[in-house]
Every structure is written in structure tokens, then in C-alpha cells.
Amino acid sequence: MEMLPELFLDRLKRIISEEKYASVSETFHQDKLLSVRVNTLKISVDDALRCFAERNISVEKTPLRNPSFLIKGVDPQEFSRFDFVCDGKIYMQSLSSMLPVIVLDPQPGDDVLDLCAAPGSKTSQMAAQMQNQGNIVALDSVRPRFYRLKSVLNLQGVGNVQAKCLDGSRYRSGEVLFDRILVDAPCSSESRFKSFNKKTVGYWSLRKIKEMVHKQRGLLLNACRMLKPGGVLVYSTCTFAPEENEGVVDWVLRKLPGEIQTEPISLDYVKRYPAILEWEKRIYNSQVAHCFRVLPTDLMEGFFMAKIVRGNG
């Protein structure tokens, strides 16, 4: 693992238990299996399976409780050229990326806010689960990413999204509050590090983590203020850093005492490891124990999720 920063690995040993460290560190040498989501706005699962069979593509149902499959024996670049991908019926998406929407569980008719929406993987996943019913406000502040978001939504036949090129930490919804909010925050992306690809780690530093924390706090605090009483918010990242995960959740719980709380996340088919309760001499709010850390495997990238609810009081 000579291409991964020594400081990152030292931190990882403290975050992941000693008995799991060897297997987790091995995942940085490997590419994940190719996983896809059936876009039920354009094709049924049965018809998708027939498409795969007609092209002799071997598939296997994933453990996730959504229309997702593992693709066997096909290179991702080759797979991306199939007609059913090019016309938006099948979407290539990592399994970990699908989890926040599964936890958020938006329903047809809900008012939903996607605060960091580009490139649109989770936005389109929500639209499909909602059967294009209800309303999703999807934000991204970086113009090229915003255009990518609009392109993905258009390709997949999404019809219930208002896409806006805005900074999620500054967005104001006025009197409109949301039933469901997703904050899939920009982060240091540590779970996507690859020992064989220097580009995945070249930007990493403790300073980068601190920069991300500043952004994440602004996004999450603003989102919590737009959540309806009884509403549900999912905060997620693809990093291991406790400062960006439990630390941000701890911070917002302290900023809004008594207004919000975390809830346990039940995903018994996903391997996990415990939330971090203390880091760098800081003891976190006991509610961060409900946070969900996805254990990296050959199927899953490392991922972090917190389920936050607003009280009815």
C-alpha cells in the first residue's frame, strides 16, 4: 500500500478495529464488482432481466432491497456502451451509493430536498422510488456538475425534480418545509482511495478534512432547519474521517439541542462496524452511536450515514 498516505493508514487503524484492518486495507488494492440499478421509470425488472439474458450477460441480485444487480464478466466500459445503459433504462451505481436513499425511504407524494445532488445518482434513485410523484428540489452549486445532473435526470425520464444551480448551505425554501432531506455531502472521499491510482489520494491532507468539515456543517445545519416536524434527514459521506462524520453530527446536535435527534439505522444485510464515540480527546454526543458505518468489502465501499429526525414539538 505504498501509494496511500502513511498518516491516513495510521488514522484508519484507530477507526477500524484491529481484527478488521487487514481485510479492509486489502480493499484498497481491488476494484469493486460492477453493480447497476434498474431504472423502473423506464423499464420493469423482468424486462431488464430479459435484456441481460438476450445479451448473455450474467447477473446476480444484490443483497439490497431495491432493483439492483451485480454484473458478472463484463468490463464496466464495455457495459456502459450497451443500448439499455445509453437510453437510461439501466444505471451504473455502486451499492454503497444506493444505501442513503434506501435509509431515507422517500414515498410517492413526498416533498424532498436533495442538497448536494450532482451527478444525479441518488436523485434519480429517489425519483424512481417515488414513481415520479411528489416533488424533489435538487441543488448543486458547481455549474458543470449541475449540467451533468440535468443530463442524468433527463436521460432517466425523471419528471418530478426542480434542479437549481445553488449552494445548498445558502438555499432558503421560505415557508416550505420538507418531508425528506438528503445531504450526501462533499467529503475527503477516503473510501475511494486506490493504491494503484495516485489521483485518488493526491489531494488528501488533514487540512482538506478541515475544509470539508466547514462545508459539511453549513450544509447540514441549513438542511435541518428546512425539515418538517416528524421529517427525516439522512446525512452521508464516503469517507472514514470521524471529523467529517460523527463529528459533524455531534456538532449539529449541539447547535439544535432538543430540536433534532438521531435514530438507529436497520440494514441487517450490510456489514458494518461501530460508530466512533470519541476522537482526538473529544467525546461525542451519545446519539452518534446510532450512526451507521459500512464496512468496506469486495461488494461495498466504506460509507457513513446518520438518520436525523425533527421532533413534533
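Mentor: Let's start with a cut-off: a residue is buried under 20% relative accessible area, exposed over 50%, and partly exposed in between. Keep in mind that this is a predicted model.

Trainee: Thanks! Why is Lys228 called partly exposed?

Mentor: Its relative accessible area is 27%. Partly exposed is the class between the 20% and 50% limits, so Lys228 belongs there.

Trainee: And what makes Asp179 buried?

Mentor: Asp179 has 18% relative accessibility. Buried means under 20%, so Asp179 counts as buried.

Trainee: How do you know that Asp179 forms a salt bridge with Lys228?

Mentor: The closest N and O atoms of Asp179 and Lys228 are 3.1 Å apart. The rule asks for a Lys or Arg side-chain nitrogen within 4 Å of an Asp or Glu carboxyl oxygen, so the pair qualifies. Asp179 sits in strand 8 and Lys228 in strand 9, 49 residues apart, and the pair links distant parts of the chain.

Trainee: What makes strand 8 and strand 9 a pair?

Mentor: They share 6 bridges, in the parallel sense. Pairing needs at least two bridges, so strands 8 and 9 pair. One of the contacts is Leu182, whose bridge partner in strand 9 is Val234. Strand 8 (residues 178–184), helix 9 (residues 206–225) and strand 9 also make a right-handed β-α-β unit.

Trainee: Which strand runs antiparallel to strand 9?

Mentor: That is strand 15 (residues 303–310), joined to strand 9 by 6 bridges. Val234 stands opposite Lys307 there. As for cover, strand 9 (residues 227–237) has 8 of its 11 residues buried.

Trainee: Strand 15 also holds Arg310. Why is the contact of Arg310 with Glu259 called a salt bridge?

Mentor: Their closest N and O atoms are 3.2 Å apart, and the limit is within 4 Å, so the name fits. Glu259 lies in the loop between helix 10 (246–255) and strand 10 (260–263), so the pair ties together parts 51 residues apart in sequence. Arg310 counts as buried at 14% relative accessibility, whereas Glu259 is partly exposed at 36%.

Trainee: Which residues does a salt-bridge network join?

Mentor: Glu54, Arg55 and Asp83 form one network through shared partners. Within it, Glu54 and Arg55 have their closest N and O atoms 3.8 Å apart, which is also within 4 Å. The structure holds 18 salt bridges.

Trainee: What makes Glu54 exposed and Arg55 partly exposed?

Mentor: Glu54 has a relative accessible area of 61%, and exposed means over 50%. Arg55 has 29% relative accessibility, so it falls in the class between the limits.

Trainee: Now the cysteines. How many disulfides does the rule give?

Mentor: The count comes to 0. For Cys165, the nearest cysteine sulfur is that of Cys116, 13 Å away. A disulfide needs two cysteine sulfur atoms within 2.5 Å, so Cys165 is in none. Its relative accessibility is 23%, so Cys165 counts as partly exposed.

Trainee: Why is Cys187 in no disulfide?

Mentor: The nearest cysteine sulfur to Cys187 is that of Cys238, 3.5 Å away. Set that against the 2.5 Å limit, and the conclusion is that Cys187 is in no disulfide. Cys187 itself counts as buried, because its relative accessibility is 11% and the class covers values under 20%.

Definitions and conventions: Residues are numbered from 1 along each chain as its sequence is written. This is a predicted model: local features need pLDDT of at least 70, side-chain atom pairs count only at pLDDT 80 or more; totals for chains, interfaces and linings use all residues. Side-chain values use heavy atoms; hydrogens and water are left out. Buried means under 20% relative accessible area, exposed over 50%, partly exposed in between (1.4 Å probe, protein chains only). Helices (H or I, at least four residues) and strands (E, at least two) are DSSP runs, numbered from the N terminus. A crossover is right-handed if, with the strands pointing away from the viewer, the path from the first strand over the helix to the second runs clockwise.
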